[in-house]
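Colleague: I want to learn how to read a ligand site and the enclosed cavities. Can you take me through them?

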Amino acid sequence: MAYRIPPALSPAAETAAGGSAETPALGTPALGTSDRAGLRPPDGLVPQAAARRRARVSSLRRAAGAAVEAGRLLWWTSCFALRWALDRVVHPGRPDPRLRLAALLRGYLLRMGPLYMKAGQVLGTQSGLLSSAAAGEFRTFFSELPPMPEAELRKTMDRGLPVPVTAAFESFDWQPVAVGSVAQVHRAVLKGGTDVAVKVVKSGVRQRLDAGTRALKALLAVAHALYPPLRRYDLPGHFAELRPLLAGQCDMRQEAARQNDVAWNFRDHPFLHVPRTYDDLCTSDVLVMEYVDGVPGMNPSRAGHSRSSLARRLQDVFYSMVFFHGRFHVDPHPGNILFRPDGQIVLLDFGLVGTLSADDKWNLSAFYYACIRGQWETATERFVRTFVANPEVLLPRHEEYAEGLAAILRRHFQAETSRWSTMTFFDEATRLLYGYGARASTRFSLLSLSLLTGEGFVTQTDPDINLYRNARRFTDLFSPYMSDEVRERFEHEIGGLSPRSLAARNDAARYLVAPTHLDRYGLPSAFPLVVTKASGARIHDLDGNEYIDLSCGYGPHILGYGHPGTVQAIHEAAARGSVNALGNPAELRLAELISQAFDTDTKVILGNSGTEAVQMALRMARAYTGRQRVAKFEGHYHGFSDQSLVSSLFRYSGDVRCPNPVANSAGMQRTLVEETLVLQYGDPGSLDRIAAHAKTLACVILEPMPVTTAAFDRDFLRQLRDVCARENILVIYDEVITGFRVHFGGAQHLAGVRPDLTCLGKIIGGGLPCGAVAGRPDVIDIARTTGDPYVDIETRAFVGGTMSGNSITAAAGAAVLAHLKSHPGLYDELQRKTEWLSQNLTAHAAAGGIPCKVTAAHSIFSITFDHATPQLIRDRLTGSNFKANLALSYYMRKHGVYVPELHTMMLSAAHTTEDLQQVSHAFARSIEEMNEDGFFTT
Ligand code: PLP
């Protein structure tokens, strides 16, 4: 299985601020990335003096262009202001002065060229800001832009296509079907008969944009310097964020890459389509893409589909891009959207696409989460942290501004939600903060522009839409937050089913951190089960309810609860006195069985949990290699020790291919977090990063078959093995879950790749606390004494504790492993059951039209309610219907099945065919009921 990481997200291709590193300098004909790059002589062959002269001439030319453009800007702005002032004097009583203003502004922007036309397009969506007639003035903008003369077009096509027009197309219509500020679109038919749309950059636009942006940059800098009240708006800063993107608009090859990126993010989406591109024919001047028919966005009434549904879908699409993908269309105006009669929405024109980092998305979500829950103080603090560039200036008057800001948030998120506009609330909040000397961060300029345009367009599509209510519906679906109404319903239903469990939950809060260890952190279980008895595949709660269990206690119970052989072993070991801190036969037997599962010379160290096993392995790796740093993979969970929790569960940071280490718990040692190199599973770039850090890396630890995907990438594992062998870095497989579960020899047996050390836990304790490290004898022996305490203290790793290898745990574990060893057919049987159940669950969801993905292999299952199949763990966390996952757990209980909330499900050998049929039936009923209760409404 190979992972696909969107290429445009690679650090090489993209800067953090959203601009593309490949963006050519403004005004340079964008040849660097085009087919014509080959025509340039190699650098060394260009005589240096000539090159310098050429560079000087070109920069003089650009400066002159910018000066002319600045002159034009000043001249036409003065004319516009004068005309407007005169108009007010001559016609003081006009009924709709904004309409006249719009007409003047429109003429002005058209004259000013492509940079300013964008502003007109945005204004066309703002019927809240302007009167609807005035906004209409701008809406015609798109239809009235002049195309380039045909002779120019022909020249551009000859120059721009990699092959002659006649060789590429069966026919080409030289009359454009749409003309924008930067490019125009033509219809054509490819050789072979496929209809395509061809987008061609208008001649001279690059130069105009270059000169325009330079002029604007200079004017903003001057205004910033000369007029102090303007400084708080940091206009040069905002413009700096926009500028690289404006340039990137003129390179069609870059645009095709962005288009493919967005298409990838929306793959399998139920109602959003992005036309595919024909990359062989795309160059810096020309973009060839699939032709898609539809009604232009400005005419929703002609779409043949309900306007309210289209508007809701549009808003969902815009929010998905921002909050899930972090790649958003900056310019979602009606000219860039088509509606189709079946309610499909087609997104066009990827000239401007903004990027949000993982941290930006996290901060935005955290802010909205607090607002939704009405936690104004937290929301205020998060607003400042996210959107203010200089928060320190606010500190002296904290209480005063916090009160004002909370009042604004409360009004927008609670009192006046029917008039929702992200921009209006944002404007008010930032204006308040300006009063205290704060500056809005420029990182979100593009996002503001996008939401301004997008929400304006949504309202234009359905003037009656309640934007806020729809936003809440959207966020409710995709966050674990339960509204009071939903929570009360579950309290009522689960309270009816298992009142004693709920009473125990409430009682336990007095003396235990939580009634089960689940109800603690991040995404707590609101309705924990309190189980009195478990047997085979069944558990019984305090109220006497019986459930088929799909948790397997998070993994250990592969033979089911209370397996007779295990129970007997525990009884006997207890009867013989529970021996610990002394050698005992059970310990020897368990170690021998573990060793036999791997290479013949494998040695073992026993501990008390998976977390301990990982801690032991990391220390041994440091001791063995004499190096300090550890590399781990994003989203791989290795227990709760400090280093294991780096970028492991909830929070990720930095670029997809180059993640930043981030603490997933308070109280973690900062230095350990910093000493961790975080990698992306399946990404060949990770191998390069390992090599680059080889001198400081003791080991690379990973789940070879991450449980969230229940799949492994054999090629990647092999390459990782090779690079680490070459660089003398230890490879540690964490098989705490997969060890003895997917095969007697673990995932490494299935993949056919051997690590240096393997961490084990869960199954090897037979249901009692246990952990182990198994591996190469020379590495394991780093934990063995040399016989010289003075040498030991400096060169040996101290691992192990009082209960390590205790006789009861070891006897239980040995009984389970012996059973597994003597019943190898059990693994095939588990795999057959897994396939059967996974196919059935998938079929039920498909029959109900519910977006649902079941990932399953070798007894390990995940269900996500999502139209897409996210491959990266960080993508799984966004865009999947969390609440449905939580709710599924509660609905299934009503049908006699226990599904762990937000945790991987597992099967055991004790699950019978009838059990699985009951699970399948319970799932079908549950999703049907959930559907009726609105959990999947889009
Ligand atoms: N490693 C992996 C892959 C795990 O899934 C877990 C726990 O779920 C651990 C380590 C930690 O094991 P334990 O919970 O026994 O400490």
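Modeller: We start with the ligand, then turn to the cavities. Keep in mind that this is a predicted model.

Colleague: Which residues are around the ligand?

Modeller: The shell consists of Ser609, Gly610, Thr611, Tyr637, His638, Gly639, Glu703, Asp734, Val736, Ile737 and Lys762. By class, 3 are nonpolar, 5 polar and 3 charged.

Colleague: Which N or O atoms come within polar-contact range, 3.5 Å?

Modeller: Take the side chains of Thr611 and Lys762. An N or O atom of the Thr611 side chain is 2.5 Å from a ligand oxygen. For the Lys762 side chain, the distance to a ligand oxygen is 2.7 Å. Tyr637 uses a backbone N or O atom, 3.4 Å from a ligand nitrogen. On its own the ligand has 390 Å² of accessible area, and the protein covers 83% of that.

Colleague: Now the cavities. How is empty space found?

Modeller: A probe the size of a water molecule is rolled over the atoms, and it shows where empty space is left. Here the count is 7 cavities of 30 Å³ or more. The largest holds about 140 Å³.

Colleague: What lines the largest cavity?

Modeller: It has 13 lining residues; Tyr319, Tyr368, Trp420, Ala471 and Thr475 lie nearest the centre. Helices H10, H11, H15 and H16 each give two or more residues. H16 gives the most, with 4. The lining divides into 9 nonpolar, 2 polar and 2 charged residues.

Colleague: And how is the second largest cavity lined?

Modeller: Its space is about 120 Å³. Tyr368 is in this lining, with Phe323, Leu364 and Phe387 also among the residues. H14 gives the most, with 4 residues. By class there are 10 nonpolar, 2 polar and no charged residues.

Methods
Residues are numbered from 1 along each chain as its sequence is written. This is a predicted model: local features need pLDDT of at least 70, side-chain atom pairs count only at pLDDT 80 or more; totals for chains, interfaces and linings use all residues. Side-chain values use heavy atoms; hydrogens and water are left out. A residue is near a molecule or strand if one of its heavy atoms lies within 4 Å of it. A polar contact is a pair of N or O atoms within 3.5 Å; within protein, one must be able to donate a hydrogen and the other to accept it, and residues adjacent in sequence count only if both atoms are side-chain atoms. Accessible areas come from the Shrake-Rupley method with a 1.4 Å probe; for residues, only the protein chains shown count as cover. Ala, Val, Leu, Ile, Met, Phe, Trp, Tyr, Cys and Pro count as nonpolar, Asp, Glu, Lys and Arg as charged, and the others, Gly among them, as polar. On a 1 Å grid over the protein atoms alone, a cavity is a set of points where a 1.4 Å probe fits but cannot get out, and a pocket is an open set with protein on both sides within 12 Å along at least five of seven lines; lining residues have an atom within 4 Å of a point. Grid points are joined across faces, edges and corners, and a volume is the space filled by probe spheres set on the points.
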